[in-house]
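Thank you all for coming; I would like to walk you through one structure, slowly, and say at each step which residues and elements I am looking at. Please have the picture open as I talk.

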Amino acid sequence: MEQNKISPAKNLTVITTHTNADFDAIGSMLAAHKLYPGSLVIYPEFNEKNSKNFFVGSMAYLFNMIHIKEVDKSAIDRLIIVDTKQAHRIGELADIIHKPGIEIHIFDHHPATRKDIKADFEVSNPTGANVTLLTEMIRKNEIPINAEEATIMCLGIYEDTGSFTFPSTTERDFTAAAFLVSKGADLVTIANLIAKEMDPRQVSLLNDMINAAVTHTINGLEVAVTSVSCDEYIHDLAFLVQKMMKIESLTALFGIALMKNKIYISARSRSDDVDVGAIVSELGGGGHKYAAAATIKEKTLAQTETELVAILQKHIKAKNLAESIMSSPAISAVPDITCKDARDMLSRYNVNALLVVKNVDGKKQLLGFISRQVIEKALYHSLDEIPIKEYMSTEFAVVGPEANLDEIQHKIIENKQRVLPVIKDEEVIGVITRTDLLHLLVQESDAKKLLLPMEKQAASHPRTKNISGFMKERLPKRILNLLRHIGEVADQIGFSAYVVGGFVRDLFLYRHNEDIDIVVEGDGIAFAKQFSQFYGARVNSYEKFGTAVIIFSDGFKIDVASARMEYYNAPAALPTVEMSSIKTDLLRRDFTINTLCVTLNKSSFGYLIDFFGAQRDIKEKVIRILHNLSFVEDPTRVFRAIRFEQRFGFTIGKLTSGLIENAVKMDFFKRLSGRRVFSELCHILKEENPTQYLIRLDEYNLLTVIDPSFALNKKMIACFNSAKKVLAWFDLLFTEEPYMKWAVYFLIMHRHKEKKSSEEICERLELAPRHQKFFVRERLFAEDRLNRLHQNMPNTFSDIYRQLKDLKIELILYIMAITTHTQLIKMISYYVTDLRNTKLSVSGKDIAALGLAPSPVYGKILSAVMDAKLNGRIESHDQELDLLKKYVAEL
């Protein structure tokens, strides 16, 4: 309501406003003091000294101002509240609002809420500045004001309207300001106070706010939310929020700051569709449609941000629905048409993707979709006559006809889909393309504001965030310093440098990984040579691939590569390499989870870049390929998919799984060299528990790729599980003896194979001659020894020693794993721990010293002494020598 007459004071009239008052609140208190002669002004305290406090102090003679502690609150009969009507914002005076007989007057330009103080008299209108309302009353009542008073009140209008640029500015604000200027308001003073200079703490906080900002696209509107924290209170959060709005050209911004033990929220909006006053009021704050603030206690930043986002979802309503946006009917094809025919359809209808459907009871049921890019690649690899169902995408997002713009935009961008099918009652009724979405965004708002962010997300600009703090927490100091130095050297020679791949992936999986891969946008070899000079390291370079290895004096290595792109001249061929950018370099990689990179240049050190949704897939624990012909180009990626799935406890995505099955069916592996297959198998057998890996290989019928004779059965699985226990036992001995752990598992895969069969497997896999000998002749020898032990259990330790002494440690561990004879396992383990390294302190020289001429009998004597030592009959050197003398004397 709005009235213009002020009732006379009864006893004591007090004027107040909200805590952390701005110039609008200060001007409003002064205006109210003019309207209520004889009143007292209680000025709320600030959290720290600043120019606003100083200015008010210098003008104190204009106010009849006192401190709250100087007032007997029980004597207050009339309370005047300006620029707010919420009790929690007026400090200690909130205690008296329910006092019997108190009269409350409110002057406020903020929208009404259910939590508002009930007033006996209220002036409330949606003006840009609150002081505008009181200025109108002063003008109407012809109350005289001087130039200084006019300046303070006009300052409030300028601040709260952003010098008349905020969307909340009204005609009444201009009129009120014009009246105050006519009364002598000093615009130079106003300009000096409005043009605020930031102190170093504010600059630092603003920088943190910009870096921490996250944009939420809600029903087609972009709303930025930034959450920061600091150990001390830093004034003027609202000013910093407004500054950030201008710098980043934002439509709406919510700044959340944890300072000391309180959370402060300041919000600004340029859109009628984002009513920040209504939104912040649900968090206990207040304001109007374009500006609002709140102070929150006893909540965390995370809780506050989560609650805010939920409120945003509720308040920002959908405008466009899928049914009104979609193209209908959708261009579709049946799954059995060939890739060649699909290309003709794409050209005929001038589209970039086809929905793949089948007719079920007269309805088009969606099976997947296939893009022009996939079709063209398939034709490049001479797969013209292959049905499109073999390469269609079967993992895709869909929407219903009632889906809003936010859901549509999210699904197209997050899933990188060219087309988004619209489904109703399990039937395709239309399709929304990226072009449809772009056209809509251009129509809905300014093309520059919405089209460019869309292009950045969908095409070239990745998701980024600063993880330098996380890196400092997770990485050893030496590694962190190396990465910083890499960035500094890259700056010196004008390159961009990134750490990429598994190193970054494992940071987020909390796995130890010091295998550092660096990608340079520029000449990687030149960079490696320049960098190595600072550490006295040496460089091994490979010109063909533009790669290098930096080797430090302690053996530590860093791999360096020039950013490159690869293409394959035929399925399973080695790639042809060309120079490229970081994004194209990452696109050539095997799976999305391996496409993360972190910038190392000094100006952007520690920024995570995610072009392909790797963070999402890590969070969802899914292995996904980057394009549908990935396994056609490099079938060894199939083995890596299974390796990563099992190692990390992830799941192979539906589309990726289907493409693995296709690669097996099309037998692209036959073009792989045996050496590449064996390399991938070795990687699997080196994993902590390869049993599960082999089971997974068998599920995809991939063991036959290694060799058609390999078949996984219960006995082999039992042997693998046994080998895992045996190897764990051996590792716990801490012998520090190097051995080939993977070889024990590969020996098990050869078990029961005849000599010729094993030789054919080794030749197929292109094993080195020494390995062929090991897995064929030496394995068969070890199995023969095991059979002898089974047939004739050793009676003495010397018996077990004689049977096993010629076997390499891998073969001993192998026979331990495959035997089920408990007593024999104990004997073999005793051989490993106690007998294997038994040595005599006597030798042939001692025999010669006894006058016996050299002859084969030397060996028999020493063997007999060894047996005695193994069986515990002798222990010391003297005992060995006495026994030696005895045997010589008996000859």
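Before I turn to helices lying across strands, one term is needed: when I give an angle between two elements, I mean the angle between lines fitted to C-alpha atoms, for helices over the stretch in contact, taken between N-to-C directions and running from 0 to 180 degrees. Please also keep in mind that what you see is a predicted model.

With that term in hand, let us start at helix H12, residues 339-349, which lies across strands E13 and E14 and runs at about 115° to E14. The buried residues of this helix are Cys339, Ala342, Met345 and Leu346. Seen down the axis of H12, these buried residues fall within an arc of 110°, so they line one face of the helix. What covers them includes E13, E14 and helix H13, residues 372-380. Right after H12 comes Asn350, whose phi is positive, near 55°.

The strands under this helix belong to an open sheet of 3 strands, in the order E13-E14-E15, with mixed pairing. Strand E13 (332-333) and strand E15 (363-371) stand at the edges and have a single partner strand each, so one side of each is left without a neighbour in the sheet. Between strand E14, residues 353-360, and E15 the pairing is antiparallel, over 8 bridges, and Leu355 stands opposite Phe369 in E15.

For another sheet, we go back towards the beginning of the chain. How many strands does this open sheet have, and in what order do they come? There are 6 strands, in the order E3-E2-E1-E4-E5-E6, and the pairing is parallel. Here the edges are strand E3 (65-66) and strand E6 (121-124), each with a single partner strand, so that one side of each is left without a neighbour in the sheet. If you look at strand E1, residues 13-16, and strand E2, residues 40-42, you will find them paired in the parallel sense over 2 bridges, with Val41 in E2 as the bridge partner of Ile15. Helix H1, residues 23-35, lies across E1, E2 and strand E4 (78-82), and its direction is at about 145° to E4.

Next comes a hairpin, formed by E16 and E17 with 2 residues between them, where Asp425 in the turn has a positive phi of about 50°. Strand E16, residues 419-424, and E17 pair in the antiparallel sense over 6 bridges, and Ile423 stands opposite Val428 in E17. Of the 7 residues of strand E17 (residues 427-433), 5 are buried, so this strand is largely enclosed by the rest of the structure.

Let me now turn to the interior. In soluble globular proteins, nonpolar side chains tend to be buried together. In this model the largest nonpolar core has 142 residues, and those with the most contacts inside it are Tyr391, Leu483, Ile518, Ile558, Leu702 and Phe746. Helix H34, residues 809-818, gives the most to this core, with 9 residues. Apart from it lies another core, of 42 residues, among them Val131, Ile138, Ile145 and Phe164. Returning to Tyr391, and not counting residues up to four places away in sequence, we find that it touches a list of residues including Cys339, Ile370, Val374, Leu629 and Phe668.

Two single residues deserve a pause. Is Val489, which sits in helix H18 (residues 477-492), buried or exposed? Its relative accessibility is 0%, and it therefore counts as buried. Leaving aside its neighbours within four places in sequence, Val489 is in contact with Phe527, Gln530, Phe531 and Phe534. The other residue is Arg696, in helix H27, residues 690-699. Since the limit for buried is under 20% relative accessible area, Arg696, at 17%, counts as buried. Outside the four nearest places in sequence on either side, Arg696 touches Ile642, Glu645, Gln646 and Ile652.

I will end with helix H38, residues 877-889, where the buried residues are Glu880, Leu883, Leu884 and Val888. They cover an arc of only 140° around the axis, which puts them on the same side of H38. These buried residues pack against helix H36 (844-849) and helix H37 (857-870), whereas the face turned away from the buried side carries the exposed residues Asp878 and Ala889.

Note on methods
Residues numbered from 1 in each chain as written. Predicted model: local features only at pLDDT ≥ 70, side-chain atom pairs only at ≥ 80, totals over all residues. Heavy atoms only, no water. Core = buried A, V, L, I, M, F, W, Y, C linked by side-chain atoms within 4.5 Å. Buried < 20%, exposed > 50% of the residue type's maximum accessible area, 1.4 Å probe, protein only. Helix = DSSP H or I, 4+ residues; strand = E, 2+ residues; numbered from the N terminus. Contact = heavy atoms within 4.5 Å. Pairing = 2+ DSSP bridges. Arc of directions from axis to C-beta.
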